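Me: Please take me slowly through one part of this model's surface, and explain each term as you come to it. I would like to see how the residues there fit together, with the values behind each statement.

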Amino acid sequence: MSEIYTPTDHLAELTEAGVPEEMHAWLAEWGIGALVVKMGIKFLEMSAERMVATMPVEGNTQVAGILHGGAHVVLAETLGSFAAGIHAGPKRQALGIEVGATHHRAVASGLVTGTCTAIHLGRTLTTHEIVMTDDAGRRLSTARITNLIREA
């Protein structure tokens, strides 16, 4: 049986994830998404031009004990899609149409920080680059996402 969420539940979820209060009204109806919660992603900065979040390695590893490559992509797509959604604004939505990642280095513990930077913020398309680093600031992976902007 699936859980039923209320806006109050989402507000607690948004606060726990570090979403700034000024964005709560925008996200209160949908929250941040079950996968973002499961992955332990916490937002540090949120804007269309730059978005930063962390994610723990623990709980997101593959069988060899290192961060799963798909977890890198989840963090990247989360950051790029949220940034595109902010750029889209009210009554418009961002839909991911392409995402790709290159993995440079493995990590087995600590926090991964994703820093998302806008490459292109257009009327119908956005493109962001997302760099994931470890606690020592070493680059773990580089991703790029393109989102289509359309009327909701």
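Reply: A good place to start is Leu-125, which counts as partly exposed because its relative accessible area is 33% (buried means under 20%, exposed over 50%, and partly exposed in between, with a 1.4 Å probe and protein chains only). Please keep in mind that this is a predicted model, in which local features need a pLDDT of at least 70 and side-chain atom pairs count only at pLDDT 80 or more, whereas totals for chains, interfaces and linings use all residues. Residues are numbered from 1 along each chain as its sequence is written, and side-chain values use heavy atoms, with hydrogens and water left out.

Leu-125 belongs to strand β5, residues 125-133 (strands are DSSP runs of E of at least two residues, helices runs of H or I of at least four, both numbered from the N terminus). Together with Ile-97 and Leu-148, Leu-125 forms a nonpolar patch on the surface, and the three residues have about 230 Å² of accessible area together. Such a patch takes residues with over 30% relative accessible area and no salt bridge, joining nonpolar side chains (Val, Leu, Ile, Met, Phe, Trp, Tyr) within 5 Å and like charges within 9 Å; the areas come from the Shrake-Rupley method with a 1.4 Å probe, and for residues only the protein chains shown count as cover.

Charged pairs come next. A salt bridge is a side-chain nitrogen of Lys or Arg within 4 Å of a carboxyl oxygen of Asp or Glu, and a search of the whole structure finds five of them. One of these joins Arg-144 to Glu-98, with 3.6 Å between the closest N and O atoms. This pair links distant parts of the chain, since Arg-144 sits in strand β6 and Glu-98 in strand β3, 46 residues apart. Arg-144 is classed as partly exposed because its relative accessibility is 44%, and Glu-98, with a relative accessible area of 31%, is also partly exposed.

Another salt bridge is formed by Glu-151 and Arg-92, whose closest N and O atoms lie 3.5 Å apart. Here too distant parts of the chain are linked, for Glu-151 is in strand β6 (residues 139-151) and Arg-92 in strand β3 (residues 92-103), 59 residues apart. Glu-151 reaches 54% relative accessibility and therefore counts as exposed, while Arg-92, at 25%, counts as partly exposed.

Lys-91 is found in the loop between α4 and β3. Although Lys-91 is not a glycine, its phi is positive, at about 65°. As background, most residues other than glycine have a negative phi. Lys-91 is exposed, because its relative accessible area is 72%.

For another example of a charged pair, look at Lys-42 and Glu-16, whose side chains meet in a salt bridge of 3.1 Å from N to O. This pair likewise links distant parts of the chain, with Lys-42 in strand β1 (residues 42-46) and Glu-16 in helix α1 (residues 7-16), 26 residues apart. Lys-42 is partly exposed because its relative accessibility is 29%, whereas Glu-16, with a relative accessible area of 56%, is exposed.
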